[in-house]
Amino acid sequence: MTTILGIETSCDETAAAVVLDGRTVLSNIVASQIDLHARYGGVFPELASRAHIEAIGAVVEQAVHDAGIGYEQVDAIAVTRGPGLVGSLLVGVNYAKGLALATGKPLLGINHLEGHVYSLWLTEPGREIKFPALVLIVSGGHTELLLMEDHGLYRRLGGTLDDAAGEAFDKVGRLLGLPFPGGPNIERAAMMGNAIAYKFPRAKRDDSYDFSFSGLKTAVLREVTVPPTGGEGRARRGDTPRLRADISINDVAASFQDALVSALVEKTARAAKAYQVTEILLAGGVSANQALRQRMRAEAGLPVRYPPLNLCTDNAAMIAAAGHYRSLSGLRHRLDMDVKPMWPLTSETYTR
Ligand code: KG4
Ligand code: ZN
């Protein structure tokens, strides 16, 4: 039995959780900064670090308290080491180091993407996940298609060449004047819209498993904004695009979501066949999207698993779950561990 305390501060959620054996969530506290960043239409890094500093002490205390344990029962402290915003990562990592020093517990620096992968192990604690598993991580910062051959063994099949899927949702949401974050608000608008009202570009037609969403974002921009009139007809830097009066926000949201989901489903379904996996695992903030879940299930013709909504977006339970498997394989970090703002997830992630 392991009891892992997880800490996550890579972006705009200050989170701590206690997880038993990498599968059972004893407590899961998330202090969201959404309200703080909403007025800027995106995450403001400097403000994020300050808010983490203010929240972290109480969040960790609450997680330990809610789990009904004391620090002496914690076997290891797992903290997100990267990828993420450097100032935000430093807050969690320094707090975890302080705790490790004070309690004498081992410190584990965990990859945030691996955390998203292990959110799947928290969904149905009694059910085994069979390898090889195909994992699609779709979040605000990442779009990664991975073949997971065993615990810790990842083959990267593809990923985004430009914007992450969640980033595309957020940018189009901002363009349409919807509140931040764009993803859930576009999904809500799309439910009332017509997905074939607008024709937006879909998957890149090639043999790769890579994605590209910047063309889709530009196509939406062209479709919904008033063409610039100043100078030679070109927009000036800093101009805010003006929305055309005759567009339907709901129809644009539905058509955009449909195009983006099509790209994700088409390539993931093709990879699932090519690598003969028996199920598809979705993780990350965008895996909360119902259209993605439903179409993946229908079009891949395979069981599709995804975390409950509160474990799709950033949380520390997933970091503790990944920490459990890493602690079994002997990972330990020294107290001079640095943060890694850029840190891809591969089989060599922890050895380099
Ligand atoms: O995993 P996450 O909390 O943070 C990162 O690690 O990036 O993902 C946040 C992203 C945001 O871009 C947000 O718009 C998107 O997930 N998101 C959604 C939905 N809920 C959150 N995108 C589409 N549909 C949703 N229901
Ligand atoms: Zn994330």
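Two residues count as being in contact here when they have heavy atoms within 4.5 Å of each other. Keep that cut-off in mind as you look at this predicted model, because the first thing to look at is how its two domains meet, and contact is defined by that distance. By that rule, 23 residues of domain 1 touch 24 residues of domain 2.

Let's place those domains. The domain assignment builds domain 1 from two stretches, 3-122 and 311-351, while domain 2 covers 133-306. Their C-alpha centres sit 27 Å apart. The size of an interface is often given as the accessible area lost when the parts come together. For this pair of domains that comes to about 1,900 Å², with 71% of it on carbon and sulfur atoms. On the domain 1 side, L113, L120 and C312 give up the most area, and together they account for 30% of what that side buries.

What about charges and polar groups across the boundary? There are zero salt bridges between domain 1 and domain 2, but four residue pairs do make polar contacts across the interface. If you colour the domain 1 side by secondary structure, the elements giving two or more residues to it are α1 (34-38), α4 (112-118) and α11 (317-328). Helix α4 has the largest share, with five residues. By residue type, that side divides into twelve nonpolar, eight polar and three charged.

Now move into the strands. One open sheet has five of them, in the order β8-β7-β6-β9-β10, and the pairing is mixed. The edges are β8 (153-159) and β10 (304-305); each has a single partner strand, so one side of each is left without a neighbour in the sheet. Further in, β6 (residues 133-138) and β9 (residues 280-283) run parallel and share four bridges. To find the register by eye, pick L134 and look across to its bridge partner in β9, I280.

Helix α8 (residues 249-274) is worth a stop for D258. The side chain of D258 makes a polar contact of 2.8 Å with that of R202. Leaving out residues up to four places away in sequence, D258 touches A195, R202 and R295.

Next, go back towards the start of the chain, to a hairpin. Strands β2 (residues 13-20) and β3 (residues 24-32) run antiparallel and are joined by eight bridges. V19 stands opposite V25 in β3. Three residues lie between the two strands, and one of the loop residues, D21, takes a positive phi near 55°, even though D21 is not a glycine.

That loop has another residue to look at. R23 and E128 meet through their side chains in a salt bridge, at 3.4 Å from N to O. R23 is in the loop between β2 and β3 and E128 is in the loop between α4 and β6, so the pair ties together parts that are 105 residues apart in sequence. Across the whole structure, a search turns up 19 salt bridges.

Finally, check two prolines. The peptide bond from F131 to P132 is cis, with omega near -5°, and P132 lies in the loop between α4 and β6. The bond from G82 to P83 is cis as well, with omega near -10°; P83 sits in the loop between β4 (76-82) and α3 (86-103).

How values were computed
Residues are numbered from 1 along each chain as its sequence is written. Chains are lettered from A and ligands numbered from 1 in the order in which they are written. This is a predicted model: local features need pLDDT of at least 70, side-chain atom pairs count only at pLDDT 80 or more; totals for chains, interfaces and linings use all residues. Side-chain values use heavy atoms; hydrogens and water are left out. Domain bounds come from an automatic or database domain assignment. Buried area is the accessible area (1.4 Å probe) that two parts lose on being put together, summed over both. A salt bridge is a side-chain nitrogen of Lys or Arg within 4 Å of a carboxyl oxygen of Asp or Glu. A polar contact is a pair of N or O atoms within 3.5 Å; within protein, one must be able to donate a hydrogen and the other to accept it, and residues adjacent in sequence count only if both atoms are side-chain atoms. Ala, Val, Leu, Ile, Met, Phe, Trp, Tyr, Cys and Pro count as nonpolar, Asp, Glu, Lys and Arg as charged, and the others, Gly among them, as polar. Two strands pair if DSSP finds at least two bridges between them.
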